[in-house]
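Subject: The structure we talked about, with notes

Dear colleague,

I am passing on the structure below, together with some notes that you may like to read with the model open beside you. Please take your time over each part.

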Amino acid sequence: MKTKDLITEVIDLPVEERAMVVDSILKSLNPTQSDIDKKWAAVARRRLKELKSGEVEGIPGDDIFQRTWKRFSS
């Protein structure tokens, strides 16, 4: 099967199946590293717990982007 034919066939799939195809292709390009993934998951759980408990205060994304643009636009 030619690549162009494969792309045409995938485009004709329902959106959920196209998403599965894309996800599978991306995973093949960047395979998971379970030990690193577990460490990142632990960090994410810890940070979420800190946010929910009020131990830390979140910063709105717009504020972060404004600060970043301001910092690097000079």
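How many of the twelve residues of H4 are buried, and does H4 lie largely in the open or not? The number buried is zero, so helix H4 lies largely in the open. Please keep in mind throughout that this is a predicted model, and that every value below was computed from it.

**The overall picture**

The protein contains four helices and zero strands, and reading along the sequence gives the pattern α-α-α-α. For a compact globule of 74 residues one would look for a radius of gyration near 11 Å, whereas the protein has 20 Å. Its C-alpha trace spans about 55 × 35 × 20 Å along the principal axes. Buried residues account for 1% of the 74 residues, and the accessible surface comes to about 7,300 Å², with 59% of that surface belonging to carbon and sulfur atoms. As for charge, the protein carries 14 positive and 13 negative charges, and the mean positions of these two groups lie 8 Å apart.

**Helices H3 and H4**

Helix H4 covers residues 61-72, and from its first C-alpha to its last it reaches 17 Å, which is close to the 16 Å expected at 1.5 Å a residue. Helix H3 has 20 residues and reaches 28 Å between its first and last C-alpha atoms, close to the 28 Å expected by the same rule of 1.5 Å a residue. After H3 comes Gly54, a residue whose phi is positive, near 85 degrees.

**Two salt bridges**

How many salt bridges does a search of the whole structure find? The search finds two, and each of them can be described through its two partners.

One joins Lys27 to Asp23, with the closest N and O atoms 3.2 Å apart. These two residues are four residues apart in helix H2 (residues 15-29), and therefore they are separated by about one helical turn. Lys27 is partly exposed, with a relative accessible area of 46%, and Asp23 also counts as partly exposed, at 37% relative accessibility.

The other brings together the side chains of Glu50 and Arg46, again at 3.2 Å from N to O. Both residues lie in helix H3 (residues 34-53), where they are four residues apart, about one turn of the helix. Here the partners fall into separate classes of exposure: Glu50 is buried, because its relative accessible area of 17% is under the 20% cut-off, while Arg46 is partly exposed, with a relative accessible area of 42%.

A general point may help with both pairs: an α-helix has 3.6 residues a turn, so residues three or four places apart point the same way.

**Some exposed residues and the distances between them**

Is Phe65, which lies in helix H4, buried or exposed? Phe65 is exposed, with a relative accessible area of 54%. Leu29, which lies in helix H2, is exposed as well, with a relative accessible area of 67%. Phe65 and Leu29 are 36 residues apart along the chain, and their C-alpha atoms are separated by 29 Å.

Leu29 can also be set against Lys52, since the two are 23 residues apart in sequence and 35 Å apart in space, going from C-alpha to C-alpha. Ser28 is another residue of helix H2, and at 54% relative accessibility Ser28 counts as exposed. Between the C-alpha atoms of Ser28 and Val10, which are 18 residues apart along the chain, the separation is 17 Å.

If you would like a place to begin, you could find helix H4 in the model, where the number of buried residues is zero, and then turn to Glu50 in helix H3, which is buried at a relative accessible area of 17%.

With best wishes

Methods:
Residues numbered from 1 in each chain as written. Predicted model: local features only at pLDDT ≥ 70, side-chain atom pairs only at ≥ 80, totals over all residues. Heavy atoms only, no water. Rg over C-alpha atoms; globule rule 2.2 N^0.38 Å. Buried < 20%, exposed > 50% of the residue type's maximum accessible area, 1.4 Å probe, protein only. Areas by Shrake-Rupley, 256 points an atom, 1.4 Å probe, with all protein chains shown as cover. Lys, Arg positive; Asp, Glu negative; His and termini not counted. Charge placed at Lys NZ, Arg CZ, Asp CG, Glu CD. Expected span 1.5 Å × (residues − 1). Salt bridge = Lys/Arg side-chain N within 4 Å of Asp/Glu carboxyl O.
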